[in-house]
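Student: I would like to learn how to read a protein model feature by feature, with the general idea before each case. Could you take me through one?

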Amino acid sequence: MMAADSDPESEVFEITDFTTASEWERFVSRVEEVLNDWKLIGNNSNKPPEKGEYTSGTWEEKTQDINFADFKFSVTHHCLKQESEEGEGKEEPEEDAFPTAMQDLLCMNNDFPPRAHCLVRWYGMREFVVISPGANCEAVISESKCNLLLSSISISLANTGCQVPMFVQIQQKWRRMYHGECQGLGVRTDFEMVHLRKVPSQYNHLSGLLDIFKSKIGCPLTPLPPINIAIRFTYVLQDWQQYSWPQQPPDFDALLGGEVGGVEFGKLPFGACEDPISELHLATTWPHLTEGIVVDNDVYSDLDPLQAPHWSVRVRKADSPTCLLGDFLTEFFKLCSKKESTEEILGRGPVEEEGKDDISHALSKLTEPTAVPIPKLSVSNMVHSARKRIRRHRRVDESPLSNDVLNSILLYLFPDAAIDKSSSENSESKASQLNTDGKPEEKESDDYNLYNQLKSAPSDSLTYRLALCVCLVNFYHGGVRAVAHLWQEFVLEMRYRWENNYLVYGLASGPPDLRCCLLHQKLQMLNCCIERKRARDDGRKTAEGGKERERGRERKVSGTTGTENGRLGPESAEMGREVSPGKSWDSWSDSEGEDEFFECLSDTEEMKEAGSTNGEKGGAKVAKPDGRLHPHGKLTLLNSQEPLYIPVTQEPAPMTEDLLEEQSEVLAKLGTSAEGAHLRARMQSACLLSDMESFKAANPGCTLEDFVRWYSPRDYVEEEVVDENGDTVVRGDLSARMKIPGNMWMEAWATAKTTPARRQRRLFDDTKEAEKVLHYLAVQKPADLTRHLLPCILHAAILKEKEEESVEDILSVRKAIQQATSHASKLLRHPSPDYKKLEDVITQLIAVETVIARSRSLKAKFGIGKAEQGDNAEDLERFVSSLLEEPEVSVIGAGRGPAGSIIHKLFVSAQRAALLAPLDEDTGRGGGADDKKPMGGASVPDFPPPAGREILLRTCVPRPAPYSKALPQRLFCVLMREDFRLAGAFSSDTSFF
């Protein structure tokens, strides 16, 4: 008593309140809440489903988690989305309004849907709810727990008035065991299931299954209502025999041998290495039978597949078949993650160490007495010859690429190398033709301009061909070591061409194309440097020739006539407008590009010119015009009647996108101060200053107004005014912005000297820029090279798939290629592409290749393209294309149609091969008496035993009493080698029993 008084609160909490709900009641309540939330109360009667609607329609799913104590369940609502007719079913009397699920039990429009939930296939329902254990919960196996769940859903359905069938998943998930219930007004359907490993012998045929069905429904009527029977047998073809996979393997001998031409290197491989179609499933269906029409027991069967009224086919596709193009892309993409440099990959052997000595002595060779012409003795020439000796002495086993393969690749990359170098003029003309090859109509096509979208390179360019070669070398000739070797040789070839003034083959002329990848821009920049250098060398040769001719006369080489009649006419202005045939531009800049050096031979002329120029300043003597291109229309100078001449100017310096970015960063760093803005303007006006100096040289005595009239006509404003005599005259003046104090144009004009373009400091130092490009190429690692060339490889892969698709004509593939192109375009145009997402693009391209390979496999198996098909070719093509895109395709004419006869032949040849029997010529027969008796005689049956048999039994009988309502009964039977399933739906009258 004292203990109780000392702690009265503990007494209160020990009281058990038996009026609170139990866990089971809470679970039932939660199920009811879910049914109410989903508005599954009452009978939502819809029109009967259309034929095939279960396959073509859209299925919706909703899921919600609930708990039974601490055990988690998932409640899922499956429903076929239908457009219900308003008011339908609501006007019917209540006693006739069976639940929709009970009506679906007897509906024959969707008996064997090829793609649907298993409960839809077994019970034919369009709407149901499933309660299954949560993802990480154990299965409900004990009988007491199963009964508890069934009781729960029965109470929930009764309390809510829900007429949607409800199932609970019991046993292990792989067994797909469901029990459930559906309640209506005065009616109820119980869904029961049996699942066994082996088929009991007495139920291995239709007659035994009919016995089960009859005993289960227990119909008391003596003349039993007719039982509707639907049967489907499925036959599997795995061995294709003579219809082998048609993919030709790549010709490794041609690829590894010396006969590797442009055709081999210019094409990516395509196709699957294995048959992408693994199995063909033939479903033979008897949709409407009754008990007396067909016999199928343990002794005899009428169910001959050739006599089935309906055939349908589905194909099982191989999971991720190995595809050639996909493998090429995948292996190439893996190079992006490599970290090693070219030197680390190729290693440094003792012979290479010896080669280092040769390189270190390159400078000393310049000072040795020699008879070689001075231009040949450049530092880079010495380095190049040393590197060639290294390459010559490298042991054969150290080179990843053999000489034959390497020479073949280089010949494919540089076809102009095959032209005889002795006829230099002829070779240059041929090379220039090759450089601009490609038909005009092809260059206007969308496929040719695809490089704009992908930021790759034109499909006829050197960069594009290099990408193909790197991809092929990586796959066939030794991976990353072979790639490093090829790249090293490529860089050596670039240096050789720069040193010897050979244009790089396969690049469009002009400045770098910023629409292309950076590597392509760099190669174009190198070509620009070679063009400028060649122009200077040509100018020097012309100057030397002129001096020989004019040595007897005291005449300057750089006269006006020579300039006007030389190579600087309008037709050659684009190549190098600054080059004058009378003067040498063979000048060298140091590393800073500040000092300018000219030939010693021309010093006397320069001194004479300087004297004449200085005379201009004193006003005693006007300088002779120099560097004129042609008159500018009818314009004359404002201070004289001399025609206004357009001068020969320097071309602006070409720039790649990385140089442009560097320049913009430098300009941005100058800030927004007045001094920074002034410095920025001076940096940007280098080209303007050069043009002003050229203009002054071409037009002695000119003014800034004259220059503006040519250079920026909108800044010279003309207007009509009345002069002193009263006459109307036209007077011009500079625009307002040109008159602003401290204007950069005025400053530049004041500081501009009278210097023709050929005498000015170069705006574009080709020697320095070429060495920068060659250094950039030399330091690229194989991974860097791969990233540069990846857009070109994706470009090539897309073009290859477009080419292959045009043969097959598959709409879904065309759409997939467009999606992949669009996806790749968005990623590749980004300054730093996301390589993880680019891997997704490669996956998309592999999927496209797989679909095309499947199409070809099916076409080969069905003989499409052979002459003997005749009138049936179009039907067969439609059939094959449907097989690719639809889950199951009906065979027109069943076993007697064109597709059916081919399928029959496939099965017959597989059977003959399996049982080692000779292949009869008459394999296309329509079936005879022998086909019905596969067990009799020694003849080989045309079809193997069915891999699966599905039998569907339906009837409508009063149950449980003779005076009960006639209600639908259904039994779906599945008989396979290691699977026996009975799924029954048995309805009973709960009002009159």
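**Reading a predicted model**

Tutor: Let us start from one residue, Lys-861, whose place is in helix 34. Helices (H or I, at least four residues) and strands (E, at least two) are DSSP runs, numbered from the N terminus. This is a predicted model, in which local features need pLDDT of at least 70 and side-chain atom pairs count only at pLDDT 80 or more, while totals for chains, interfaces and linings use all residues. Residues are numbered from 1 along each chain as its sequence is written, and side-chain values use heavy atoms, with hydrogens and water left out.

Student: Is Lys-861 buried or exposed, and which side chain does a polar contact join to Lys-861?

Tutor: Buried means under 20% relative accessible area, exposed over 50%, and partly exposed in between (1.4 Å probe, protein chains only). Lys-861 has a relative accessible area of 2%, and therefore counts as buried. A polar contact is a pair of N or O atoms within 3.5 Å; within protein, one must be able to donate a hydrogen and the other to accept it, and residues adjacent in sequence count only if both atoms are side-chain atoms. Here the side chain of Lys-861 is joined to that of Asp-275 by such a contact of 2.7 Å.

Student: How do I read the length and the ends of helix 34?

Tutor: The expected span of a helix is 1.5 Å times one less than its number of residues. Helix 34 (residues 835-861) has 27 residues, and its first and last C-alpha atoms lie 39 Å apart, close to the 39 Å expected. At the N-terminal end, Asp-834 acts as a cap, with a side-chain oxygen 3.0 Å from the backbone nitrogen of Lys-836. Following the helix is Gly-863, which has a positive phi near 65 degrees. The rule can also be tried on helix 26 (residues 657-669), whose 13 residues should span 18 Å and whose end C-alpha atoms are indeed 18 Å apart. The buried residues of helix 26 are Asp-658, Leu-659 and Leu-667.

Student: How many aromatic pairs are there, and how is a pair described?

Tutor: A pair of aromatic rings is described by the distance of the centres and the angle of the planes. Rings of Phe, Tyr and Trp (its six-membered ring) pair if their centres lie within 6.5 Å; planes under 30 degrees apart count as stacked, over 60 as edge-to-face and the rest as tilted. By this rule there are 29 aromatic pairs. In one of them, the ring centres of Phe-475 and Tyr-476 are 5.2 Å apart and the planes stand at 85 degrees, so the pair is edge-to-face. Phe-475 is partly exposed at 30% relative accessibility, whereas Tyr-476 is buried at 16%. In another pair, Trp-487 and Phe-490 have ring centres 5.4 Å apart and planes at 15 degrees, so this one is stacked.

Student: Where do Trp-487 and Phe-490 lie along their helix?

Tutor: An α-helix has 3.6 residues a turn, so residues three or four places apart point the same way. Trp-487 and Phe-490 are 3 residues apart in helix 21 (residues 479-499), and are therefore separated by about one helical turn. Trp-487 is buried, with a relative accessible area of 4%, and Phe-490 is buried at 0%.

Student: Which residues form an aromatic cluster, and which charged end sits over the ring of Trp-749?

Tutor: Phe-695, Phe-707, Trp-710, Tyr-711, Trp-745 and Trp-749 form one aromatic cluster. A charge sits over a ring if NZ of Lys or CZ of Arg is within 6 Å of the ring centre and within 35 degrees of the ring normal. The charged end of Lys-696 sits over the ring of Trp-749, at 4.6 Å from its centre, and Arg-787 lies over the face of Tyr-835, 5.8 Å from the ring centre.

Student: What should I look for in the backbone of the loops?

Tutor: Look at phi and omega. Ser-320, although not a glycine, has a positive phi of about 45 degrees; this residue is in the loop between strand 9 (310-317) and helix 11 (324-334), and is exposed at 68% relative accessible area. The peptide bond from Arg-959 to Pro-960 is cis, with omega near 10 degrees, and Pro-960 is found in the loop between strand 15 (948-958) and strand 16 (966-976).
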